[in-house]
Amino acid sequence: MKLWIAFALREGLEGLRRSIFHSFVAVAALTLAVSFLGFFGYGAINLQRAAEGLLESLQFEVFISPAIPETEHPLLKEAIREIDPRWGITYISRDSAAATFAREFDPELFNILKENPLPASFRIDLPASQMQPDSAELVVESLLALKGIDDVIYDRELLEMVYSGMGKLALWGLGGGLFAIILSVGLTFNAIRLKIDGQHESLHLMSLLSATPGMLRAIFLVQGTILGLVGGLLSSALILGVGALIRVSMSNGMEITVPHPYLLIIVGGVLGMLGALLAVGRYLEV
Amino acid sequence: MIRFLNVSLEHLPGRGIKGVSFSIERGQFVLLAGPTGAGKTTVLRLIYLELIPDSGQILIEGQFQHYNRKRELALLRQKMGIVFPEPRLLPDRNVFDNVALPLRIAGWKSRNAHLQVNRLLFRFGLKDRGRAFPGELSSGEQKKAAIARALVARPFILLADEPLSNIDAEASAEVLEHLRQINAEGMTILAATHIPDPYQGLAHRTLHLRNGRLIE
(Lines give C-alpha, C1' and ligand atoms only; values in the text may rest on other atoms or scores of the structure.)
Protein backbone atom coordinates (compact mmCIF):
# COMPACT_ATOMS: atom_id res chain seq x y z
CA MET A 1 0.00 0.00 0.00
CA LYS A 2 2.82 2.39 0.92
CA LEU A 3 4.60 1.76 -2.37
CA TRP A 4 1.33 2.15 -4.23
CA ILE A 5 0.89 5.59 -2.70
CA ALA A 6 4.50 6.45 -3.50
CA PHE A 7 3.87 5.63 -7.18
CA ALA A 8 0.70 7.73 -7.31
CA LEU A 9 2.41 10.67 -5.57
CA ARG A 10 5.44 10.52 -7.80
CA GLU A 11 3.50 10.16 -11.04
CA GLY A 12 0.99 12.79 -9.93
CA LEU A 13 3.67 15.33 -9.13
CA GLU A 14 5.70 14.57 -12.26
CA GLY A 15 2.55 14.80 -14.35
CA LEU A 16 1.94 18.31 -13.02
CA ARG A 17 5.56 19.25 -13.61
CA ARG A 18 5.60 17.92 -17.16
CA SER A 19 2.64 20.05 -18.18
CA ILE A 20 3.73 23.03 -16.13
CA PHE A 21 1.86 25.67 -18.15
CA HIS A 22 -1.39 23.76 -17.95
CA SER A 23 -0.86 23.22 -14.20
CA PHE A 24 -0.12 26.91 -13.74
CA VAL A 25 -3.34 27.91 -15.51
CA ALA A 26 -5.34 25.39 -13.46
CA VAL A 27 -3.85 26.69 -10.19
CA ALA A 28 -4.50 30.32 -11.17
CA ALA A 29 -8.14 29.54 -11.98
CA LEU A 30 -8.56 27.54 -8.78
CA THR A 31 -6.96 30.32 -6.75
CA LEU A 32 -9.57 32.73 -8.07
CA ALA A 33 -12.42 30.30 -7.40
CA VAL A 34 -11.29 29.46 -3.84
CA SER A 35 -10.59 33.16 -3.19
CA PHE A 36 -14.13 33.91 -4.30
CA LEU A 37 -15.33 31.34 -1.79
CA GLY A 38 -13.05 32.88 0.85
CA PHE A 39 -14.26 36.41 0.18
CA PHE A 40 -17.83 35.23 0.52
CA GLY A 41 -17.09 33.26 3.66
CA TYR A 42 -15.04 35.87 5.46
CA GLY A 43 -17.24 38.68 4.15
CA ALA A 44 -20.26 36.90 5.62
CA ILE A 45 -18.46 36.34 8.94
CA ASN A 46 -17.54 40.02 9.24
CA LEU A 47 -20.97 41.27 8.21
CA GLN A 48 -22.56 38.81 10.64
CA ARG A 49 -20.36 40.17 13.43
CA ALA A 50 -21.22 43.74 12.48
CA ALA A 51 -24.92 42.85 12.55
CA GLU A 52 -24.55 41.18 15.94
CA GLY A 53 -22.79 44.30 17.21
CA LEU A 54 -25.73 46.41 16.04
CA LEU A 55 -28.22 44.05 17.70
CA GLU A 56 -26.24 44.11 20.93
CA SER A 57 -26.62 47.89 21.01
CA LEU A 58 -30.38 47.52 20.59
CA GLN A 59 -32.17 47.95 23.93
CA PHE A 60 -35.74 48.18 25.18
CA GLU A 61 -36.67 51.24 27.21
CA VAL A 62 -39.56 50.41 29.55
CA PHE A 63 -41.14 53.55 31.06
CA ILE A 64 -42.80 53.30 34.46
CA SER A 65 -46.03 55.15 35.08
CA PRO A 66 -45.54 58.22 37.36
CA ALA A 67 -48.52 56.94 39.32
CA ILE A 68 -46.43 54.04 40.64
CA PRO A 69 -44.50 55.10 43.74
CA GLU A 70 -40.74 54.54 43.72
CA THR A 71 -41.04 52.04 46.54
CA GLU A 72 -42.92 49.71 44.22
CA HIS A 73 -40.36 49.87 41.41
CA PRO A 74 -38.35 46.87 42.75
CA LEU A 75 -41.58 44.81 42.68
CA LEU A 76 -42.08 45.80 39.05
CA LYS A 77 -38.51 44.77 38.30
CA GLU A 78 -39.24 41.35 39.80
CA ALA A 79 -42.40 41.06 37.72
CA ILE A 80 -40.37 41.76 34.57
CA ARG A 81 -37.75 39.22 35.61
CA GLU A 82 -40.48 36.63 35.99
CA ILE A 83 -41.44 37.07 32.32
CA ASP A 84 -37.99 35.90 31.22
CA PRO A 85 -35.09 35.38 33.66
CA ARG A 86 -32.57 35.66 30.77
CA TRP A 87 -33.23 39.37 30.26
CA GLY A 88 -30.72 41.87 31.54
CA ILE A 89 -32.65 44.53 33.51
CA THR A 90 -31.19 47.87 34.53
CA TYR A 91 -33.25 50.29 36.66
CA ILE A 92 -32.95 53.98 35.81
CA SER A 93 -34.47 56.26 38.43
CA ARG A 94 -35.97 59.65 37.58
CA ASP A 95 -32.92 61.42 39.08
CA SER A 96 -30.53 59.25 37.16
CA ALA A 97 -32.46 59.90 33.92
CA ALA A 98 -32.40 63.63 34.59
CA ALA A 99 -28.68 63.59 35.29
CA THR A 100 -28.01 61.72 32.03
CA PHE A 101 -30.22 64.09 30.08
CA ALA A 102 -28.53 67.15 31.59
CA ARG A 103 -25.08 65.70 30.85
CA GLU A 104 -25.86 64.81 27.25
CA PHE A 105 -28.19 67.61 26.19
CA ASP A 106 -28.83 70.73 28.25
CA PRO A 107 -27.57 71.22 31.84
CA GLU A 108 -29.78 74.28 32.25
CA LEU A 109 -33.07 72.67 31.23
CA PHE A 110 -34.11 71.55 34.72
CA ASN A 111 -33.35 75.01 36.17
CA ILE A 112 -35.87 76.41 33.71
CA LEU A 113 -38.47 73.63 34.20
CA LYS A 114 -38.08 73.62 38.02
CA GLU A 115 -39.36 70.04 37.92
CA ASN A 116 -38.04 66.74 36.52
CA PRO A 117 -40.53 65.52 33.86
CA LEU A 118 -38.62 62.32 33.06
CA PRO A 119 -40.15 59.07 34.25
CA ALA A 120 -38.24 56.25 35.87
CA SER A 121 -37.53 53.33 33.51
CA PHE A 122 -35.99 49.94 33.02
CA ARG A 123 -33.45 49.21 30.27
CA ILE A 124 -33.80 45.64 29.05
CA ASP A 125 -31.17 43.69 27.09
CA LEU A 126 -32.54 40.67 25.24
CA PRO A 127 -30.62 37.55 24.35
CA ALA A 128 -29.69 37.27 20.65
CA SER A 129 -32.33 34.58 20.06
CA GLN A 130 -35.10 37.09 20.86
CA MET A 131 -33.64 39.79 18.64
CA GLN A 132 -36.14 39.21 15.87
CA PRO A 133 -38.99 41.52 14.85
CA ASP A 134 -41.74 39.05 15.85
CA SER A 135 -40.11 38.14 19.18
CA ALA A 136 -39.52 41.80 19.96
CA GLU A 137 -43.21 42.56 19.46
CA LEU A 138 -44.14 39.75 21.85
CA VAL A 139 -41.69 41.19 24.39
CA VAL A 140 -43.33 44.59 24.05
CA GLU A 141 -46.81 43.06 24.45
CA SER A 142 -45.80 41.11 27.56
CA LEU A 143 -44.25 44.23 29.14
CA LEU A 144 -47.23 46.48 28.39
CA ALA A 145 -49.49 43.89 30.00
CA LEU A 146 -47.84 44.60 33.35
CA LYS A 147 -49.60 47.10 35.56
CA GLY A 148 -47.52 50.25 35.97
CA ILE A 149 -45.77 50.16 32.56
CA ASP A 150 -46.66 53.20 30.46
CA ASP A 151 -44.69 52.63 27.32
CA VAL A 152 -42.00 50.43 25.75
CA ILE A 153 -39.80 51.76 23.00
CA TYR A 154 -37.03 50.25 20.91
CA ASP A 155 -35.52 50.87 17.47
CA ARG A 156 -37.86 48.64 15.50
CA GLU A 157 -36.59 49.97 12.14
CA LEU A 158 -33.00 49.04 12.97
CA LEU A 159 -34.05 45.59 14.12
CA GLU A 160 -36.05 44.96 10.94
CA MET A 161 -33.26 46.31 8.77
CA VAL A 162 -30.61 44.14 10.41
CA TYR A 163 -32.86 41.11 10.42
CA SER A 164 -33.79 41.37 6.74
CA GLY A 165 -30.16 42.24 5.92
CA MET A 166 -28.97 39.07 7.62
CA GLY A 167 -31.52 37.01 5.71
CA LYS A 168 -30.36 38.47 2.41
CA LEU A 169 -26.75 37.98 3.46
CA ALA A 170 -27.38 34.31 4.22
CA LEU A 171 -29.07 33.87 0.85
CA TRP A 172 -26.28 35.62 -1.03
CA GLY A 173 -23.67 33.75 0.97
CA LEU A 174 -25.30 30.44 0.19
CA GLY A 175 -25.66 31.28 -3.50
CA GLY A 176 -22.17 32.72 -3.83
CA GLY A 177 -20.63 29.90 -1.83
CA LEU A 178 -22.37 27.26 -3.93
CA PHE A 179 -21.28 29.03 -7.10
CA ALA A 180 -17.67 29.15 -5.90
CA ILE A 181 -17.76 25.48 -4.89
CA ILE A 182 -19.21 24.44 -8.26
CA LEU A 183 -16.65 26.66 -10.02
CA SER A 184 -13.73 25.12 -8.08
CA VAL A 185 -14.91 21.55 -8.65
CA GLY A 186 -15.66 22.30 -12.31
CA LEU A 187 -12.24 23.84 -12.92
CA THR A 188 -10.45 20.88 -11.35
CA PHE A 189 -12.74 18.50 -13.24
CA ASN A 190 -11.78 20.15 -16.51
CA ALA A 191 -8.07 20.33 -15.68
CA ILE A 192 -7.98 16.62 -14.82
CA ARG A 193 -10.08 15.73 -17.86
CA LEU A 194 -7.51 17.43 -20.09
CA LYS A 195 -4.71 15.61 -18.30
CA ILE A 196 -6.46 12.26 -18.77
CA ASP A 197 -7.01 13.02 -22.47
CA GLY A 198 -3.37 14.02 -22.86
CA GLN A 199 -2.08 10.89 -21.16
CA HIS A 200 -4.28 8.32 -22.87
CA GLU A 201 -1.36 6.44 -24.42
CA SER A 202 0.77 6.62 -21.26
CA LEU A 203 -2.09 5.28 -19.16
CA HIS A 204 -2.71 2.35 -21.49
CA LEU A 205 0.99 1.53 -21.44
CA MET A 206 1.16 1.76 -17.64
CA SER A 207 -1.81 -0.56 -17.45
CA LEU A 208 -0.01 -3.08 -19.68
CA LEU A 209 3.07 -2.67 -17.50
CA SER A 210 0.98 -3.85 -14.53
CA ALA A 211 -0.42 -0.63 -13.06
CA THR A 212 -3.77 -1.40 -11.45
CA PRO A 213 -6.85 0.75 -12.17
CA GLY A 214 -6.61 2.05 -8.61
CA MET A 215 -3.04 3.21 -9.15
CA LEU A 216 -3.99 5.10 -12.31
CA ARG A 217 -6.97 6.71 -10.61
CA ALA A 218 -4.79 7.72 -7.68
CA ILE A 219 -2.42 9.64 -9.98
CA PHE A 220 -5.20 12.02 -10.95
CA LEU A 221 -6.64 12.24 -7.45
CA VAL A 222 -3.18 13.32 -6.29
CA GLN A 223 -3.01 15.88 -9.09
CA GLY A 224 -6.46 17.28 -8.33
CA THR A 225 -5.71 17.47 -4.62
CA ILE A 226 -2.37 19.19 -5.19
CA LEU A 227 -3.92 21.72 -7.58
CA GLY A 228 -6.61 22.41 -4.96
CA LEU A 229 -4.13 22.67 -2.09
CA VAL A 230 -1.92 25.11 -3.98
CA GLY A 231 -4.99 27.10 -5.07
CA GLY A 232 -6.17 27.13 -1.44
CA LEU A 233 -2.75 28.21 -0.18
CA LEU A 234 -2.57 31.12 -2.62
CA SER A 235 -6.18 32.04 -1.82
CA SER A 236 -5.53 32.17 1.91
CA ALA A 237 -2.50 34.39 1.26
CA LEU A 238 -4.62 36.63 -0.97
CA ILE A 239 -7.42 36.82 1.59
CA LEU A 240 -4.97 37.64 4.40
CA GLY A 241 -3.40 40.36 2.23
CA VAL A 242 -6.73 41.90 1.31
CA GLY A 243 -7.86 41.68 4.95
CA ALA A 244 -4.72 43.53 6.07
CA LEU A 245 -5.22 46.18 3.38
CA ILE A 246 -8.83 46.78 4.45
CA ARG A 247 -7.78 47.00 8.12
CA VAL A 248 -5.13 49.60 7.25
CA SER A 249 -7.51 51.67 5.12
CA MET A 250 -10.44 51.52 7.57
CA SER A 251 -10.55 54.51 9.88
CA ASN A 252 -13.96 54.05 11.54
CA GLY A 253 -12.73 51.45 14.00
CA MET A 254 -14.62 48.57 12.38
CA GLU A 255 -12.66 45.40 12.87
CA ILE A 256 -12.05 43.00 9.97
CA THR A 257 -11.16 39.47 10.99
CA VAL A 258 -9.92 36.51 8.96
CA PRO A 259 -10.13 33.57 11.37
CA HIS A 260 -8.29 30.32 10.46
CA PRO A 261 -7.19 31.30 6.94
CA TYR A 262 -5.51 27.89 6.54
CA LEU A 263 -9.01 26.42 6.30
CA LEU A 264 -9.02 27.60 2.68
CA ILE A 265 -6.05 25.30 1.97
CA ILE A 266 -8.02 22.33 3.24
CA VAL A 267 -11.16 23.47 1.41
CA GLY A 268 -9.11 23.88 -1.81
CA GLY A 269 -7.64 20.39 -1.39
CA VAL A 270 -11.02 18.78 -0.78
CA LEU A 271 -12.66 20.57 -3.72
CA GLY A 272 -9.69 19.69 -5.96
CA MET A 273 -9.95 16.04 -4.99
CA LEU A 274 -13.71 16.08 -5.57
CA GLY A 275 -13.25 17.55 -9.07
CA ALA A 276 -10.58 14.96 -9.85
CA LEU A 277 -12.78 12.16 -8.51
CA LEU A 278 -15.60 13.20 -10.84
CA ALA A 279 -13.27 13.52 -13.86
CA VAL A 280 -11.65 10.14 -13.14
CA GLY A 281 -15.05 8.47 -12.80
CA ARG A 282 -16.26 10.04 -16.03
CA TYR A 283 -13.22 9.89 -18.31
CA LEU A 284 -10.63 7.41 -17.07
CA GLU A 285 -11.14 4.08 -18.79
CA VAL A 286 -8.94 1.39 -17.28
CA MET B 1 4.74 -22.55 -18.08
CA ILE B 2 2.19 -21.26 -20.59
CA ARG B 3 -0.54 -23.46 -22.06
CA PHE B 4 -3.25 -22.58 -24.55
CA LEU B 5 -6.10 -25.10 -24.50
CA ASN B 6 -8.29 -24.78 -27.59
CA VAL B 7 -8.39 -21.00 -27.30
CA SER B 8 -10.57 -18.98 -29.66
CA LEU B 9 -11.15 -15.27 -29.88
CA GLU B 10 -12.63 -13.05 -32.55
CA HIS B 11 -11.84 -9.57 -31.27
CA LEU B 12 -12.58 -7.90 -34.61
CA PRO B 13 -14.78 -9.23 -37.41
CA GLY B 14 -12.70 -11.89 -39.16
CA ARG B 15 -9.67 -11.20 -36.92
CA GLY B 16 -8.52 -13.42 -34.08
CA ILE B 17 -7.61 -17.03 -33.42
CA LYS B 18 -9.56 -20.30 -33.61
CA GLY B 19 -8.99 -23.37 -31.48
CA VAL B 20 -5.33 -22.67 -30.75
CA SER B 21 -3.53 -25.07 -28.41
CA PHE B 22 0.15 -25.07 -27.56
CA SER B 23 2.46 -24.97 -24.59
CA ILE B 24 5.74 -23.27 -23.86
CA GLU B 25 8.16 -24.66 -21.32
CA ARG B 26 10.54 -22.71 -19.11
CA GLY B 27 13.71 -21.55 -20.85
CA GLN B 28 12.43 -22.09 -24.39
CA PHE B 29 12.77 -19.62 -27.22
CA VAL B 30 9.57 -20.03 -29.22
CA LEU B 31 8.90 -18.23 -32.45
CA LEU B 32 5.34 -17.41 -33.43
CA ALA B 33 5.47 -17.00 -37.19
CA GLY B 34 2.88 -16.10 -39.74
CA PRO B 35 1.79 -13.41 -42.16
CA THR B 36 0.24 -10.16 -41.08
CA GLY B 37 -3.24 -10.77 -39.67
CA ALA B 38 -2.53 -14.41 -38.84
CA GLY B 39 -3.26 -13.85 -35.15
CA LYS B 40 0.26 -13.56 -33.68
CA THR B 41 -0.38 -10.35 -31.80
CA THR B 42 -3.72 -11.72 -30.59
CA VAL B 43 -1.88 -14.68 -29.00
CA LEU B 44 0.54 -12.31 -27.26
CA ARG B 45 -2.25 -10.01 -26.10
CA LEU B 46 -4.09 -13.00 -24.70
CA ILE B 47 -0.99 -14.01 -22.76
CA TYR B 48 -0.45 -10.56 -21.30
CA LEU B 49 -4.14 -10.46 -20.49
CA GLU B 50 -5.15 -7.52 -22.61
CA LEU B 51 -7.71 -9.71 -24.35
CA ILE B 52 -10.08 -12.29 -22.90
CA PRO B 53 -10.69 -15.50 -24.89
CA ASP B 54 -14.17 -16.27 -26.19
CA SER B 55 -13.59 -19.93 -25.39
CA GLY B 56 -10.82 -22.26 -24.24
CA GLN B 57 -8.42 -21.86 -21.34
CA ILE B 58 -5.08 -20.21 -20.85
CA LEU B 59 -2.81 -21.41 -18.07
CA ILE B 60 0.03 -19.17 -16.98
CA GLU B 61 2.43 -20.74 -14.53
CA GLY B 62 -0.14 -23.46 -13.94
CA GLN B 63 -2.95 -21.04 -13.08
CA PHE B 64 -6.17 -20.45 -14.94
CA GLN B 65 -6.88 -16.75 -15.33
CA HIS B 66 -9.71 -14.93 -13.62
CA TYR B 67 -10.20 -11.90 -15.77
CA ASN B 68 -12.40 -10.06 -13.32
CA ARG B 69 -9.65 -9.89 -10.70
CA LYS B 70 -7.86 -6.83 -11.99
CA ARG B 71 -5.33 -6.67 -9.21
CA GLU B 72 -4.29 -10.28 -9.80
CA LEU B 73 -3.96 -9.59 -13.52
CA ALA B 74 -1.77 -6.59 -12.75
CA LEU B 75 0.45 -8.68 -10.51
CA LEU B 76 0.75 -11.32 -13.23
CA ARG B 77 1.70 -8.67 -15.79
CA GLN B 78 4.51 -7.63 -13.47
CA LYS B 79 6.05 -11.02 -14.18
CA MET B 80 5.91 -10.58 -17.96
CA GLY B 81 8.19 -8.48 -20.10
CA ILE B 82 6.43 -7.06 -23.15
CA VAL B 83 8.06 -5.65 -26.28
CA PHE B 84 5.56 -4.02 -28.61
CA PRO B 85 5.97 -3.73 -32.40
CA GLU B 86 6.43 0.02 -31.92
CA PRO B 87 8.80 0.81 -29.02
CA ARG B 88 6.00 2.73 -27.21
CA LEU B 89 8.45 4.73 -25.13
CA LEU B 90 6.78 7.65 -23.40
CA PRO B 91 7.95 10.75 -25.27
CA ASP B 92 7.90 13.05 -22.23
CA ARG B 93 10.30 10.90 -20.19
CA ASN B 94 13.96 10.23 -20.76
CA VAL B 95 15.31 6.75 -21.43
CA PHE B 96 16.15 6.12 -17.77
CA ASP B 97 12.62 6.98 -16.64
CA ASN B 98 11.08 4.93 -19.44
CA VAL B 99 13.11 1.87 -18.48
CA ALA B 100 12.42 2.48 -14.78
CA LEU B 101 8.64 2.71 -15.24
CA PRO B 102 7.81 -0.98 -14.52
CA LEU B 103 9.91 -0.81 -11.35
CA ARG B 104 8.09 2.28 -10.13
CA ILE B 105 4.77 0.59 -10.77
CA ALA B 106 5.99 -2.54 -8.98
CA GLY B 107 7.10 -0.40 -6.05
CA TRP B 108 10.83 -1.02 -6.12
CA LYS B 109 12.89 1.07 -3.75
CA SER B 110 14.51 4.00 -5.52
CA ARG B 111 18.10 2.87 -4.90
CA ASN B 112 17.50 -0.68 -6.09
CA ALA B 113 15.59 0.59 -9.11
CA HIS B 114 18.45 2.92 -9.97
CA LEU B 115 20.96 0.08 -9.87
CA GLN B 116 18.76 -2.25 -11.90
CA VAL B 117 18.01 0.35 -14.59
CA ASN B 118 21.68 1.27 -14.92
CA ARG B 119 22.56 -2.41 -15.20
CA LEU B 120 20.11 -2.85 -18.07
CA LEU B 121 21.17 0.37 -19.81
CA PHE B 122 24.77 -0.76 -19.61
CA ARG B 123 23.89 -4.18 -20.98
CA PHE B 124 22.07 -2.70 -23.96
CA GLY B 125 24.74 -0.10 -24.68
CA LEU B 126 22.53 2.78 -23.60
CA LYS B 127 24.49 3.87 -20.52
CA ASP B 128 25.25 7.27 -22.04
CA ARG B 129 21.74 7.71 -23.41
CA GLY B 130 19.90 7.58 -20.11
CA ARG B 131 19.11 11.28 -20.11
CA ALA B 132 18.11 11.35 -23.78
CA PHE B 133 14.47 11.50 -24.74
CA PRO B 134 12.99 8.90 -27.10
CA GLY B 135 12.83 11.41 -29.96
CA GLU B 136 16.62 11.79 -29.76
CA LEU B 137 17.27 8.06 -30.18
CA SER B 138 17.76 6.02 -33.35
CA SER B 139 15.19 3.31 -34.13
CA GLY B 140 17.65 0.64 -32.96
CA GLU B 141 18.28 2.45 -29.68
CA GLN B 142 14.54 2.86 -29.15
CA LYS B 143 14.03 -0.86 -29.70
CA LYS B 144 16.83 -1.71 -27.26
CA ALA B 145 15.37 0.68 -24.68
CA ALA B 146 12.00 -1.05 -25.11
CA ILE B 147 13.61 -4.47 -24.54
CA ALA B 148 15.47 -3.11 -21.50
CA ARG B 149 12.13 -1.86 -20.11
CA ALA B 150 10.59 -5.27 -20.72
CA LEU B 151 13.40 -7.01 -18.83
CA VAL B 152 13.94 -4.55 -16.01
CA ALA B 153 11.49 -6.08 -13.52
CA ARG B 154 13.00 -9.56 -13.99
CA PRO B 155 10.03 -11.20 -15.72
CA PHE B 156 9.68 -14.95 -16.14
CA ILE B 157 8.90 -14.56 -19.84
CA LEU B 158 9.69 -12.06 -22.56
CA LEU B 159 6.85 -11.53 -25.04
CA ALA B 160 8.29 -9.77 -28.07
CA ASP B 161 6.00 -8.68 -30.89
CA GLU B 162 8.03 -8.10 -34.05
CA PRO B 163 11.23 -7.22 -32.16
CA LEU B 164 13.10 -6.56 -35.41
CA SER B 165 10.50 -4.30 -37.02
CA ASN B 166 11.51 -0.84 -38.20
CA ILE B 167 15.23 -1.25 -37.47
CA ASP B 168 18.18 -1.63 -39.83
CA ALA B 169 20.22 -4.79 -40.37
CA GLU B 170 22.96 -3.79 -37.94
CA ALA B 171 20.51 -3.02 -35.15
CA SER B 172 18.60 -6.24 -35.95
CA ALA B 173 21.77 -8.29 -35.52
CA GLU B 174 22.42 -6.53 -32.21
CA VAL B 175 18.87 -7.16 -30.96
CA LEU B 176 19.06 -10.83 -32.01
CA GLU B 177 22.32 -11.23 -30.13
CA HIS B 178 20.73 -9.72 -27.03
CA LEU B 179 17.77 -12.09 -27.34
CA ARG B 180 20.14 -15.05 -27.72
CA GLN B 181 22.07 -14.01 -24.59
CA ILE B 182 18.93 -13.44 -22.56
CA ASN B 183 17.57 -16.84 -23.55
CA ALA B 184 20.92 -18.46 -22.79
CA GLU B 185 20.65 -17.04 -19.28
CA GLY B 186 17.37 -18.94 -18.83
CA MET B 187 14.73 -16.43 -19.87
CA THR B 188 11.74 -17.87 -21.71
CA ILE B 189 11.05 -15.94 -24.92
CA LEU B 190 8.02 -15.90 -27.18
CA ALA B 191 8.68 -13.76 -30.23
CA ALA B 192 6.13 -13.04 -32.92
CA THR B 193 7.35 -12.30 -36.43
CA HIS B 194 6.19 -12.34 -40.02
CA ILE B 195 9.80 -12.88 -41.18
CA PRO B 196 11.18 -15.94 -39.34
CA ASP B 197 14.46 -16.24 -41.27
CA PRO B 198 16.66 -14.08 -39.02
CA TYR B 199 15.76 -16.27 -36.04
CA GLN B 200 17.08 -19.50 -37.59
CA GLY B 201 19.36 -21.26 -35.16
CA LEU B 202 18.01 -19.15 -32.32
CA ALA B 203 14.48 -20.43 -31.69
CA HIS B 204 13.91 -23.88 -30.22
CA ARG B 205 10.48 -24.15 -31.83
CA THR B 206 8.40 -22.29 -34.33
CA LEU B 207 4.61 -22.13 -34.14
CA HIS B 208 3.10 -21.24 -37.51
CA LEU B 209 -0.15 -19.33 -37.52
CA ARG B 210 -2.32 -18.75 -40.54
CA ASN B 211 -5.79 -17.22 -40.53
CA GLY B 212 -5.96 -17.62 -36.79
CA ARG B 213 -5.19 -21.33 -36.81
CA LEU B 214 -2.03 -23.06 -35.71
CA ILE B 215 -0.27 -25.07 -38.41
CA GLU B 216 2.38 -27.37 -37.00
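## Close-up views of a predicted two-chain model

**View 1. Helices α2 and α7 of chain A pass each other in this predicted model.** The axes of helix α2 (residues 20–57) of chain A and helix α7 (residues 156–198) of chain A come within 9 Å, and they cross at roughly 165 degrees. Because angles over 145 degrees count as roughly antiparallel, α2(A) is roughly antiparallel to α7(A). The crossing of these two helices, α2(A) and α7(A), is left-handed. Where α2(A) and α7(A) are in contact, the residues comprise 23 nonpolar and eight polar ones, with no charged residue among them.

**View 2. Four strands of chain A make an open sheet.** Read across the sheet, the strands of chain A follow the order β2-β3-β1-β4, and their pairing is antiparallel. The edges are taken by β2 (88–92) and β4 (149–153) of chain A, each of which has a single partner strand, so one side of each is left without a neighbour in the sheet. With direction ignored, neighbouring strands of this sheet are turned by 20 degrees against each other on average. Within the sheet, β2(A) and strand β3 (residues 121–125) of chain A run antiparallel and are joined by five bridges, and A:G88 stands opposite A:D125 in β3(A). Helix α3 (residues 73–83) of chain A lies across β1 (60–64), β2 and β3 of chain A, and this helix runs at about 160 degrees to β2(A).

**View 3. Chain B is shown as a whole before its details are examined.** Six helices and ten strands are found in chain B. The radius of gyration of chain B is 17 Å, which is close to the 17 Å that the globule rule gives for 216 residues, so chain B is as compact as a globular protein of that length. Along its principal axes, the C-alpha trace of chain B spans about 45 × 40 × 35 Å.

**View 4. Six strands of chain B make an open sheet with mixed pairing.** The order of the strands in chain B is β6-β7-β8-β3-β9-β10. Strands β6 (80–83) and β10 (213–215) of chain B stand at the edges with a single partner strand each, so one side of each is left without a neighbour in the sheet. From one strand to the next, the twist averages 20 degrees. At one of these edges, strand β9 (residues 205–210) of chain B pairs with β10(B) in the antiparallel sense over three bridges, and B:L209 stands opposite B:L214 in β10(B).

**View 5. Helices α3 and α4 of chain B cross obliquely.** The axes of helix α3 (residues 95–106) and helix α4 (residues 110–123) of chain B come within 10 Å and cross at roughly 130 degrees, and α3(B) and α4(B) are therefore oblique to each other. In passing α4(B), α3(B) makes a right-handed crossing. From α3(B), the residues B:F96, B:V99, B:A100, B:L103 and B:R104 meet B:A113, B:Q116, B:V117, B:L120 and B:L121 in α4(B). Sorted by class, this contact of α3(B) with α4(B) has eight nonpolar residues, one polar residue and one charged residue.

**View 6. Chain B touches chain A.** Here 18 residues of chain B are in contact with 16 residues of chain A. On the side of chain B that touches chain A, α2 (70–77) and α3 of chain B each supply at least two residues. The residues on that side of chain B divide into nine nonpolar, two polar and seven charged.

Note on methods:
Residues are numbered from 1 along each chain as its sequence is written. Chains are lettered from A and ligands numbered from 1 in the order in which they are written. This is a predicted model: local features need pLDDT of at least 70, side-chain atom pairs count only at pLDDT 80 or more; totals for chains, interfaces and linings use all residues. Two strands pair if DSSP finds at least two bridges between them. Axes are lines fitted to C-alpha atoms, for helices over the stretch in contact, and angles run from 0 to 180 degrees between N-to-C directions. Angles under 35 degrees count as roughly parallel, over 145 as roughly antiparallel, 65 to 115 as roughly perpendicular and the rest as oblique. A crossing is left-handed if the near helix is turned anticlockwise from the far one by less than a right angle, and right-handed if clockwise. Two residues are in contact if their C-beta atoms, placed from the backbone, lie within 7 Å. Ala, Val, Leu, Ile, Met, Phe, Trp, Tyr, Cys and Pro count as nonpolar, Asp, Glu, Lys and Arg as charged, and the others, Gly among them, as polar. The radius of gyration is taken over C-alpha atoms; the globule rule is 2.2 Å times the number of residues to the power 0.38.
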